[in-house]
Amino acid sequence: MNIVQFLRILWARRWLVLAATISCVIGAFIVTQIVPPRYQAQSRVMLELVKPDPITGQITSPQFAKAYTRTQIELIKDYRVAGKVVEDLGWLNDPNLLAQYQSRPAGDDRDLKRWAAQRIIDGTDAKLIEGSNIMELTFSASSPELARSVADALREAYMDSSLAYRRENAARTAEWYSVQAEKAKASLAIAEAQKATFERENGVILQDDKTDIDSARLAALASAGAPTVAAAMPVGPTPAGIQLAQLDATIAQASRTLGPNHPDLQAMRQQRAMLATQAAQERSAAGAAAGAAASAARVGAGMLEAQKSKVIGQRDKLERVKALQAEVDVRRDQFMKASNRAADLRLEANVGETGITPLGNAVTPQKPVFPNMPLIMVGSLGFGLAFGVLIALLTELFGRRVRSIEDLSSAVDAPLLAVIATAAKPRRTLRSLASPGGRRGADIRTKAARA
């Protein structure tokens, strides 16, 4: 079937298409007059997705923002929120609602609160405005005042429920972390007791810097060994010896020019005798000090070797006590982390910040969103045309007729020899009809046509 055949079928069935279209339009108009109107009211809140949490300081990452908003939308439609709306609006004591509840179907065994909450859920919708953090809550009702009041109550119930969810979750998680902290504390006490027992039995005690006393003593002896050896080295000339050498040179030079009994030469000799005595005393003291230093160096070297042998001998014990100390450190770190997290969550369980900011009350709608008369009439017109065309095609399918050369060629498998055109009807004019011959001829043609 080509487009020409299709148009010929539509033209032949035009009254059927027109009747179907008019019927659909009239039916749609009747429906708009019968169906009760629906009003929608919107209230908005802003989700603070990019604001750090006041307790934990965490920020919702972009990859989880979509999941977060989807969760909030489902939370708005949850029974807990809807049930709170029912309680806030006083629907449980509404006589009209009680009468409707009593006339519910026999198989409906829900209680009044859940039944009324389901009506809230059915009329609730929520969406995130594109390109923003604003969540729009919408409620549809048969009354504009009811739609506005429920939209406002829905927003308040959603904010209260979000805060309650956050507090309950934080308290529940804090309890879990508290239990883990107690377990970590018990494990820490056991690890510290094992370490203390091992230290007491083996005489190996670790200090705060993770070193034992014997190793610290060995390090102290090793660092003190260099100055001890330096003190044990031979001592150089004393100050009195230097002065004595200088005085001897002066006396030798004066002896060349002065006599042996010259007073100055005698005075220098007396001074030399005093310096010689002092130099001898200094050399004796230096020798004694050097001997003592050498003896101390020998004693220190012996102590160093003894301490080194002691440290090497208890190396296995030292490694064991270090392993016990590492276990204590791990247990202490677990205990501190669990305790700190539990404290943060207990603080969060008492927080009053929901992370949701209300953006104003809902406005009473002035026009219903359903039925939309222009949209329904235009839609019924389009549907009527499509329905009429479908009926025309089905009617033509069950009652096929030959309307053109194409129809005959598709229906009969035979060559087409000729086409006899329909004789054109003579055009009547006022002059031809007014004449007797013209009128008579017209009557004759009419009778012939009838015959």
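## Briefing on a predicted protein model

The second largest pocket holds about 260 Å³ of space, and 13 residues line this second largest pocket, those closest to its centre being Trp-91, Leu-97, Gln-100, Arg-119 and Leu-146. The model is a predicted one, and its protein chain contains 15 helices and 4 strands. Of the 451 residues of the protein chain, 27% count as buried.

**The second largest pocket**

- Helix H5 (95-102), helix H6 (112-122) and strand S3 (134-141) each contribute at least two residues to the lining of the second largest pocket.
- Sorted by class, the lining of the second largest pocket is made up of 6 nonpolar, 4 polar and 3 charged residues.

**Contacts along the chain**

- When contacts in the protein chain between residues at least 6 apart in sequence are considered, 79% of them join residues at least 24 apart.

**Helix H1**

- In helix H1, which covers residues 3-12, the buried residues are Gln-5, Ile-9 and Leu-10.
- These buried residues lie on the same side of H1, because they cover an arc of only 135° around the axis.
- Ile-3, Leu-7 and Trp-11, by contrast, are exposed on the other side of H1.

**Helix H2**

- Helix H2 runs over residues 14-34, and its 21 residues, at 1.5 Å a residue, should span 30 Å, which agrees with the 30 Å that separates its end C-alpha atoms.
- Val-17, Ala-20, Thr-21, Cys-24, Ala-28 and Thr-32 are buried in H2.
- Because these buried residues cover an arc of only 105° around the axis, they are placed on the same side of H2.
- On the other side of H2, the residues Trp-15, Gln-33 and Ile-34 are exposed, while helix H12 (373-398) is included in what covers the buried residues of H2.

**Strand S4 and Pro-358**

- Pro-358 is found in strand S4, which consists of residues 356-358.
- With a relative accessibility of 39%, Pro-358 counts as partly exposed, because that class lies between buried, under 20%, and exposed, over 50%.
- Once its neighbours within four places in sequence are left aside, Pro-358 is in contact with Arg-44, Val-45, Arg-155 and Met-159.
- Of these partners, Met-159 is 199 residues apart from Pro-358 in sequence, although the two are 8.6 Å apart in space, taken from C-alpha to C-alpha.

Conventions: Residues numbered from 1 in each chain as written. Predicted model: local features only at pLDDT ≥ 70, side-chain atom pairs only at ≥ 80, totals over all residues. Heavy atoms only, no water. Expected span 1.5 Å × (residues − 1). Buried < 20%, exposed > 50% of the residue type's maximum accessible area, 1.4 Å probe, protein only. Arc of directions from axis to C-beta. Contact = heavy atoms within 4.5 Å. 1 Å grid on protein atoms, 1.4 Å probe; cavity = no way out; pocket = protein on both sides within 12 Å on 5 of 7 lines; lining within 4 Å. Points joined across faces, edges and corners; volume = space filled by probe spheres on them. Nonpolar A, V, L, I, M, F, W, Y, C, P; charged D, E, K, R; others polar.
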